[in-house]
Amino acid sequence: MKNAVTTAPDGSWLLWNLESGQVRTPQGWFGHALAGAWSSDGRAFVILDQNGAASLIDPATAIVRTVSQAAGPVALYSFSPDRRRLSYTTSSGLVVTLDLATAESQAFQAQGKVIAIVSTAQHTLVAAQLGGKVVIWSIAAKGKLAPVAERNTIGASLLAADISSNGNRLLAAGYFGPKQGLIAMNSANGKAFILSADALAIAGAKIVSVALDASGERAAILASDGRLWVWFIDGNDQAPAGRVPEATSITFSVDGAHIIVSGASGASVFTAPE
């Protein structure tokens, strides 16, 4: 059976059978869908509610089973590449990891301001700004929140961040004193590269969104005036990638070949410089 799930801006969703054309509405679910993904075996669809509850949907019946209770408004979330784990953090800094096969969950209270989260194939990584430093924590299956790397960022105010899907690198943008800039930090040893916004000739615009490709070697940068750049971190080279007025978010495609930019007017796709 081939199934698909569609979600609407109002938080509602429908389950479609692509072979018969039958459409089902959820049974026993009354939340507001924020994100969703199929489990690795395709036997269930997981819906993350904006209030932090996670539910599994049986595609044969559209019956909903809540497996993680509401933890608070969701700030950030990430599905692992193999769709075996969902990790998310709430506005209060609570970090939740959910095993989609067993429906077992763990919750941890992070220290500081959480700026990024990613579920890799092996574990979950959480980055937070704590005092005058950035700390990256790792959560293994049925494990504890353990620090793995940190970097002093005294005087910095970090506003946008991302962690590569392989977990190798953290990227964060913000203000370092009076000037804007970016920091790319290795999650294994804390080694960092710094890029001043002056190198991008932003001239008054603000960095509003950043993204890393899967390898953590390229960073996509979006400014408030819609201009896009790619930063080749290890070589410290930058290349313009286009412009989308009123855009608000940026990401790489799974294969890293394209940059996807979205905003009020929809989504645009650009070939990513290599």
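Hi everyone, let's start with one small detail: a polar atom in the side chain of T89 sits 3.2 Å from the backbone oxygen of L94. Before I go on, this is a predicted model, where local features need pLDDT of at least 70 and side-chain atom pairs count only at pLDDT 80 or more, while totals for chains, interfaces and linings use all residues. Residues are numbered from 1 along each chain as its sequence is written, and side-chain values use heavy atoms, leaving out hydrogens and water.

So where is T89? You'll find T89 in strand β9, residues 85–90 (strands are DSSP runs of E, at least two residues, numbered from the N terminus). Is T89 buried or exposed? T89 counts as buried because its relative accessibility is 1%; buried means under 20% relative accessible area, exposed over 50%, partly exposed in between, with a 1.4 Å probe and protein chains only. Leaving out residues up to four places away in sequence, T89 touches eight residues' worth of company, including P73, V74, L94 and I117 (contact means heavy atoms within 4.5 Å).Now to the cores. The largest nonpolar core has 19 residues, and L171, L182, I221 and W231 have the most contacts inside it. A nonpolar core is a set of buried Ala, Val, Leu, Ile, Met, Phe, Trp, Tyr and Cys residues joined through side-chain atoms within 4.5 Å. Strands β17 (169–176), β18 (179–186), β20, β21 (218–223) and β22 (227–232) each give two or more residues to this core. Apart from this core lies another, of 17 residues, among them A44, V74, Y88 and A103.

Let's finish with L171. Not counting residues up to four places away in sequence, L171 touches L182, V210 and W231, among others. Thanks for listening!

Key. Helix = DSSP H or I, 4+ residues; strand = E, 2+ residues; numbered from the N terminus. Polar contact = N/O pair within 3.5 Å; in protein donor to acceptor, adjacent residues only side chain to side chain.
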